[in-house]
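Thank you all for coming. Please have a look at the sequence and the model on the screen, and then we will go through the sheet and the cysteines together.

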Amino acid sequence: MQSAKDSMTKTKNQAQLLDGAVIAEQIKQEAAQEIDRLWVEHEVRPCLAAVRVGDDAASAVYVRNKMKASEEVGIRSEHHALSATTTAVELADLIESLNTRSDVDGILVQLPLPDDLEEAGIIEAIDPAKDVDGFHPINIGKLSMGRPTFAPCTPAGIIELLERSKIAISGTNACVVGRSQIVGRPMAQLLLQRDATVTICHSRTRDLESVTRQADLLIVAIGRPGFVGREHIKPGATVVDVGMNRVTDEATVRRLFGEDAEKRLETISRRGYTLVGDVNPSEVDEVAGWRTPVPGGVGLLTVAMLMRNTVKAAKLRRGLI
Ligand code: NAP
């Protein structure tokens, strides 16, 4: 007869999902309450100005989502949609006018910009006090010194997700795969500030899986659909999947979702694509303890943290914190 212990050891591991939607909603509700309070006590209503250049379809969706979230929480928002032929001087003029307007608290320039506009110069033109994306070198410098600043929204949202889900950070081995300015690098800084032992990996890392397998906390932001598999994961690890990749082919969907592929294939036939992360969910769930889903994980938190940063900018600019 099979003992209880035997049957337990043979049970297939199934990672639990970290619900980004619930936590994003909490953060937005907190922002909404703070906005009500700012209005009642100071007659201040925060304002976010979004600047988008060109016709990139994904950028249009991202900006629309940010405007919609602003409206929901009570932030006044402006959408400056410029044509693809906008020059660097014209864009700099718009940013300068938003910098000087006292009613504008936050400015975001949706990336990527068209190729002939140099992103670094444009980001540096934003007043650091209104840089709610946290991409200005002054804010990045403060972040790496461990000083208070606007932390970039995606990694800041991941920290909220981990802390509110009671996932330990302090003392853990954390591994960040990807070293972009908007996710990987600031993510590593925020984990370090919370006393994790942090390793950063990238495309030149040798024997990636032997490094990631040491991680209690694995954050993946590389932009490669389903790249991270079971061989990358330490048993019981928490895996945060930042990737947002549009997949259109059936073979990839079947590889990533196994028995759950049908719903995704239906999405492709309806919408033309399905959104997948950098992690292979069907493989990783056999080993990990926790995993963030795509969609429904990190993406929603990014927008929620933008709302929070905009409220913070409105308060800081008026000396209310
Ligand atoms: P990125 O700027 O393209 O950077 C990708 C990073 O991944 C680079 O550092 C690159 O290394 C590394 N990399 C690429 N292939 C690798 C490999 N095979 N092994 C190890 N490292 C590898 O990307 P990003 O802007 O950070 O975005 C990453 C993903 O996150 C994308 O899918 C993006 O859509 C998504 N994203 C989601 C959100 C959200 O709100 N959920 C926000 C931002 C981004 P090198 O530096 O050596 O080239």
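Strand 8 and strand 11 (residues 290-291) run parallel and are joined by 2 bridges, and T238 of strand 8 has W290 as its bridge partner in strand 11. I should say at once that this is a predicted model, in which local features need pLDDT of at least 70 and side-chain atom pairs count only at pLDDT 80 or more, while totals for chains, interfaces and linings use all residues. Residues are numbered from 1 along each chain as its sequence is written, and side-chain values use heavy atoms, with hydrogens and water left out.

By strands I mean DSSP runs of E with at least two residues, numbered from the N terminus, and two of them pair if DSSP finds at least two bridges between them.

Strand 8 also pairs in the parallel sense with strand 7 (residues 217-220), over 4 bridges, and there V220 stands opposite D241. Which residues of strand 8 are buried, that is, under 20% relative accessible area with a 1.4 Å probe and protein chains only? They are T238 and V240 on one side and V239 and D241 on the other, so that both faces are covered.

The open sheet has 6 strands in the order 1-11-8-7-5-6, with parallel pairing. Strand 1 (16-17) and strand 6 (197-201) each have a single partner strand, so one side of each is left without a neighbour in the sheet.

Turning to the cysteines, a search of the whole structure finds 0 disulfides, a disulfide being a pair of cysteine sulfur atoms within 2.5 Å. For C175, the nearest cysteine sulfur, that of C201, is 3.6 Å away.

Notes. Buried < 20%, exposed > 50% of the residue type's maximum accessible area, 1.4 Å probe, protein only.
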